[in-house]
Amino acid sequence: MAMQRIELLGVPVDVCRPEQLEAEILEILAKPGTKQIMFLSVWDVLRARNRRSDFGQCVKDADLILPVSKSILRGAKFLKKDVPVRYNPFTAVISILSVLDQHYKSLYLLGGRHKTLTHAERNVRETFPNVQIVGRFVGYYPKAMENDIIAAMYKSSPALVLVSDGIKEKNLWSYHRRNQFSNSIFLYYRDAIGIFSERIRRVSESTFDKGREIWHEIAHNPFKLFYIVPFIKYGILLVWYRLFRKHAQQ
């Protein structure tokens with residue numbers, strides 16, 4: 001069964017079952033040019049509704065959009081659409097790297113501090129011995145270094161560029177520079193380098209499965225309590241779409 005793409009509040013979301021993931025990754029790898037995989041939260045959905053914005057266009061053009069919020073699944077069910085599979089970002093990264101490992105593909109690491117990045121690289125090499133790491137560069141880099149980073153990525157043409165903390169533009173970093181790369185998939189996950197380096201403790205699977213990972217984030221950043229405001233907006237929009245957009249495209 002082929003992967004399906006639905007629209008939630010006008011924003012694309014992919015219905016990709018775990019058993020479909022490897023085939024999808026290989027299909028994306030076979031495409032020419034710059035590609036992008038994105039993790040989508042509820043707050044990303046609200047932000048992406050403005051399709052005239054760079055972020056909205058970035059989501060629209062992404063090759064694979066994996067939801068990470070339980071509320072996205074509930075929203076799809078409420079609107080009587082196909083319900084997507086929710087992915088734990090780090091688990092998804094492991095699955096994607098496993099595909100690269102099985103098919104002897106290459107990787108570039110971008111983000112983190114020097115010590116953290118070095119430790120992360122070592123652990124990735126040990127865990128995925130068939131993945132060729134063709135380059136790495138720290139985050140928080142001076143602007144003057146950017147052309148060198150882009151040139152290195154273009155020359156090495158990695159199958160995947162894993163983008164992590166220290167890259168201010170996050171998902172938009174590769175989108176804004178998409179015409180400067182040869183043939184790579186870009187995936188932004190802020191905590192990737194930190195978790196691989198064992199500097200950051202990953203959220204447990206049980207906590208994630210119960211949808212309680214937000215409390216882990218609030219413990220580290222109490223200001224995220226204000227997420228309740230956009231969450232209320234999300235609920236209102238779902239009701240509006242259910243009542244007045246019954247014939248919206250599935």
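Hi everyone. Let's start with helix α3: the elements that cover its buried residues include β2 (11-15), β3 (35-40), α2 (42-48), β4 (64-67) and α8 (172-176). Please keep in mind that we are looking at a predicted model.

So which residues of α3 are buried? The helix spans residues 54-61, and the buried ones are Phe-55, Gly-56, Cys-58 and Val-59. These four sit on the same side of α3, because the arc they cover around the axis is only 160°.

Cys-58 brings me to the cysteines. How many disulfides does a search of the whole structure find? The count is zero. Take Cys-16: the nearest cysteine sulfur belongs to Cys-58 and is 18 Å away, whereas a disulfide would need the two sulfur atoms within 2.5 Å. Turn that around and Cys-58 is in no disulfide either, with the sulfur of Cys-16 as its nearest, at 18 Å. And are these two buried or exposed? Cys-16 is buried, its relative accessible area being 0%. Cys-58 has a relative accessibility of 1%, so this residue counts as buried too.

Now for some empty space, which I suspect many of you were waiting for. The second largest pocket holds about 250 Å³. It is lined by 14 residues, and those closest to its centre are Tyr-141, Gly-166, Ile-167, Lys-168 and Glu-169. What does the lining look like by class? For the second largest pocket, we have six nonpolar residues, six charged ones and two polar ones.

That's my tour for today. Thanks for listening!

Key:
Residues are numbered from 1 along each chain as its sequence is written. This is a predicted model: local features need pLDDT of at least 70, side-chain atom pairs count only at pLDDT 80 or more; totals for chains, interfaces and linings use all residues. Side-chain values use heavy atoms; hydrogens and water are left out. Buried means under 20% relative accessible area, exposed over 50%, partly exposed in between (1.4 Å probe, protein chains only). Helices (H or I, at least four residues) and strands (E, at least two) are DSSP runs, numbered from the N terminus. The arc is that of the directions from the helix axis to the C-beta atoms. Contact means heavy atoms within 4.5 Å. On a 1 Å grid over the protein atoms alone, a cavity is a set of points where a 1.4 Å probe fits but cannot get out, and a pocket is an open set with protein on both sides within 12 Å along at least five of seven lines; lining residues have an atom within 4 Å of a point. Grid points are joined across faces, edges and corners, and a volume is the space filled by probe spheres set on the points. Ala, Val, Leu, Ile, Met, Phe, Trp, Tyr, Cys and Pro count as nonpolar, Asp, Glu, Lys and Arg as charged, and the others, Gly among them, as polar.
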